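Visitor: Could you take me through one part of this model up close? I would like to see what the aspartates are doing, one by one.

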Amino acid sequence: MASSGISEEACGRLADYLQSHKEPLMSEWLAQARKDSDVPSDALTKLELVDHLPNVFDAMIQALRQRCSDTTMQDVQEISARHTVMRWVQRYDLPGVVREVSLLRAEFIRHLLLFDEQNPDVGMGARLLNSTTIHRILDGIVMDATDTYLNLRARGDGDEA
């Protein structure tokens, strides 16, 4: 039972760390997305490109605090679906949306490694839980985006992106 408390504390500490690094993480993701030729962002304003990222970020923080509750995963599904529909309207294709998530994953993992360096007292179990939580949410976003995109394409909502 003690290790569960330690894991919860480590998740909370990571959530606090990520919350305090929200702006730099999102700025770095934005810079990477703008540079990446697989993310068709040229026609988008900063606000349009970042659109649902703060919500994804907040869901990640909440999931770390609640250890991936079903409520958090449902919130992520809704955010992901809205984001994918918006990207569909903005003429993205599915690989562009998946690439955005890939860049976001890289930023979260970079910050996870920085957190681990700054918190050597966090045990292996807690590190694994933190990493698994981040990957689970981002994997869910990719799966939900794929499902939403394929449903939009099958329904013929607008021209194919």
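Guide: Here is a walk through several aspartates and their partners. Keep in mind that the model is predicted.

Start with aspartate 36. This residue sits in the loop between helix 2 (22–35) and helix 3 (46–50). Is aspartate 36 buried or exposed? Its relative accessible area is 12%. Buried means under 20%, so aspartate 36 is buried. Its side chain has a polar partner: a contact of 2.6 Å joins aspartate 36 to the side chain of arginine 99. Setting aside residues up to four places away in sequence, aspartate 36 touches Arg99 and Leu103.

Now go to aspartate 38. The loop between helix 2 and helix 3 holds this residue too. Its relative accessibility is 48%, and aspartate 38 counts as partly exposed. Beyond its neighbours within four places in sequence, aspartate 38 is in contact with Gly96 and Arg99. Look also at glutamate 100. Aspartate 38 and glutamate 100 are 62 residues apart along the chain, yet their C-alpha atoms are separated by 8.6 Å.

Next come the salt bridges. The model has 7 of them. One joins aspartate 58 to lysine 22, with 2.8 Å between the closest N and O atoms. This pair links distant parts of the chain: aspartate 58 is in helix 4, lysine 22 is in helix 2, and their positions lie 36 residues apart in the numbering. Aspartate 58 is partly exposed, at 34% relative accessible area. Lysine 22 counts as buried, at 13%.

Pause at helix 4, the home of aspartate 58. Helix 4 covers residues 53–66, 14 residues in total. At 1.5 Å a residue it should span 20 Å, and its end C-alpha atoms are indeed 20 Å apart. Its buried residues include Leu53, Phe57, Met60 and Leu64.

Another salt bridge pairs aspartate 139 with arginine 105, at 2.7 Å from N to O. Aspartate 139 lies in helix 7 (residues 124–155) and arginine 105 in helix 6 (residues 94–118), so the bridge ties together parts that are 34 residues apart in sequence. Aspartate 139 counts as partly exposed, with 34% relative accessibility.

Finish with aspartate 116 and arginine 127. Their side chains meet in a salt bridge of 3.3 Å, N to O. Aspartate 116 is in helix 6 and arginine 127 is in helix 7, so this pair ties together parts 11 residues apart in sequence. Both aspartate 116 and arginine 127 are buried.

Methods: Residues are numbered from 1 along each chain as its sequence is written. This is a predicted model: local features need pLDDT of at least 70, side-chain atom pairs count only at pLDDT 80 or more; totals for chains, interfaces and linings use all residues. Side-chain values use heavy atoms; hydrogens and water are left out. Helices (H or I, at least four residues) and strands (E, at least two) are DSSP runs, numbered from the N terminus. Buried means under 20% relative accessible area, exposed over 50%, partly exposed in between (1.4 Å probe, protein chains only). A polar contact is a pair of N or O atoms within 3.5 Å; within protein, one must be able to donate a hydrogen and the other to accept it, and residues adjacent in sequence count only if both atoms are side-chain atoms. Contact means heavy atoms within 4.5 Å. The expected span of a helix is 1.5 Å times one less than its number of residues. A salt bridge is a side-chain nitrogen of Lys or Arg within 4 Å of a carboxyl oxygen of Asp or Glu.
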